Amino acid sequence: MIHASTRERSSLALLALLAVCCVGRSSPAAATPSLVLVAEVPLPGKAVRFDYQAIDSVKKRLFIAHMNDASVVVVSTRDGSVLKVLPDIPTPRGVAVAPDARRVFVTSSPSKLVIIDSESLSELARVTTGRAPDGVAWDPSHRIVGVSDQGDGALSLLADAGSGARRQVPLGSETGNVVFDPSRATFWITVVPTTGPDRLVEVDPVTATAKATVPIPGCSGAHGLRLHPNGRSALIACEGNSKLARVELDGEHTVTLAPSGSDPDVLAIDPGLNLLYVAAESGELRIFDLAKPGLVTVGREHSGRASHSVAVDAETHHVFFPLAQGPHGVPVLRIMRPTLSASAP
């Protein structure tokens, strides 16, 4: 079982306190989060690429897309044990959990969305999307699934929790990840256009139209996407030039850029600790302090070879990295946690 020790809980509490009280202040020494190993759990399947992950916080489950093994691995976040393998899903990439609909959504090549019952972990249906679907997000307000049709440069909107009619919104030459914004009841999606700078586009799920288009100058290959916990800005992985972009969603849409690891991909946020994890194909993980304005790097790690996928359990603060090849050349789930070290300003 994975349990937090008394010392661990104290460190995490201190980190949370520092994230709140130290914004805008200077001190002789700063607390820098670093990751320590909790466990390495063997994963089934071939030693090939994994992709996105999603956590069901209600049922304490982690869904991992084993992209090049045509399967989704379901793991317990309580003890890291493998609960089930969902096979025969060609090139699974994006994963989204919809607790209120009791469904899990997985994108699958060449053009499918696989719908899974989150209670029984059995497959319910496969419905049509656009070409090469990638990211996926759930809109609980309208019970619409948003799928990034990367190959079409579009967003598919599937009604009735994926079982209803599909509408496609053309946006550019390529799309990346998509997230639902509960404060605005809209989707945001990263877009690589035919010409001009990459974009962040807001899409109304009811009218199936673009509400706002925000250019992201200085960001090449906009792909990974998360919203800041306060809903005021978006964080974007720029794969083409190895940068992280922070885009303000209101006002002048100010863009802040910072270096990331080489070829950044998946982003994960721990809202309780105000930490952003940026995983990269190079295996370099960078940690940013979201309690501060702009983009402030507070940690760097090498989380594993090609560990471009990351997920965070907001309750335990454990950080998950599925690795195609662990220390013994077979797939493992590397589970880590943040701790504190003192560093000079």
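**Strands, a disulfide and a pocket in a predicted model**

Biologist: How many bridges join S6 to strand S7 (residues 103–108)?

Modeller: This is a predicted model, in which local features need pLDDT of at least 70 and side-chain atom pairs count only at pLDDT 80 or more, while totals for chains, interfaces and linings use all residues. Residues are numbered from 1 along each chain as its sequence is written, and side-chain values use heavy atoms, with hydrogens and water left out. Strands (E, at least two residues) are DSSP runs numbered from the N terminus, and two of them pair if DSSP finds at least two bridges between them. S6 and S7 run antiparallel, and the bridges that join them number five.

Biologist: Which residue in the turn between S6 and S7 has a positive phi?

Modeller: The two strands form a hairpin with four residues between them. Within S6 and S7, Val97 stands opposite Val104, and Pro92 is opposite Ser108. The positive phi, about 55°, belongs to a residue in the turn, Arg102.

Biologist: Is S6 largely enclosed or exposed, and how many of its residues are buried?

Modeller: Buried denotes under 20% relative accessible area, with a 1.4 Å probe and protein chains only. S6 is largely enclosed by the rest of the structure, because the buried residues number seven of seven.

Biologist: Which residues of S7 are buried on the face opposite to Arg103, Phe105 and Thr107?

Modeller: In a regular strand, side chains alternate between the two faces of the sheet. S7 is mostly covered, with six of its six residues buried. Both faces are covered: Arg103, Phe105 and Thr107 lie on one side, and on the other are Val104, Val106 and Ser108.

Biologist: What is the bridge partner of Thr107 in S8?

Modeller: S7 pairs with strand S8 (residues 112–117) in the antiparallel sense over six bridges. A hairpin through three residues joins the two strands. The partner of Thr107 is Leu113.

Biologist: Which strands stand at the edges of the open sheet S14-S15-S16-S17?

Modeller: Pairing in this sheet of four strands is antiparallel; for example, five bridges join S15 (residues 186–192) to S16 (residues 199–204). The twist averages 25° from one strand to the next, with axes fitted to C-alpha atoms and angles running from 0 to 180 degrees between N-to-C directions. Two strands each have a single partner, so one side of each is left without a neighbour in the sheet: S14 and S17.

Biologist: Why is the disulfide left-handed, and what is its torsion?

Modeller: A disulfide is a pair of cysteine sulfur atoms within 2.5 Å, and here Cys219 is joined to Cys238 with an S to S distance of 2.1 Å. Cys219 lies in the loop between strand S17 (209–215) and strand S18 (222–227), and Cys238 in strand S19 (residues 233–238), 19 residues apart. Cys219 is buried at 6% relative accessibility, and Cys238 at 0%. The handedness is left because the torsion about the S-S bond is about -110°.

Biologist: How much space lies in the largest pocket?

Modeller: On a 1 Å grid over the protein atoms alone, a pocket is an open set of points where a 1.4 Å probe fits, with protein on both sides within 12 Å along at least five of seven lines; lining residues have an atom within 4 Å of a point. The lining comprises 38 residues, with Ala54, Ile55, Val97, Val179 and Arg226 nearest the centre. Its largest share, five residues, comes from S14. The space, taken as that filled by probe spheres set on grid points joined across faces, edges and corners, is about 1,200 Å³.

How values were computed:
Buried means under 20% relative accessible area, exposed over 50%, partly exposed in between (1.4 Å probe, protein chains only).
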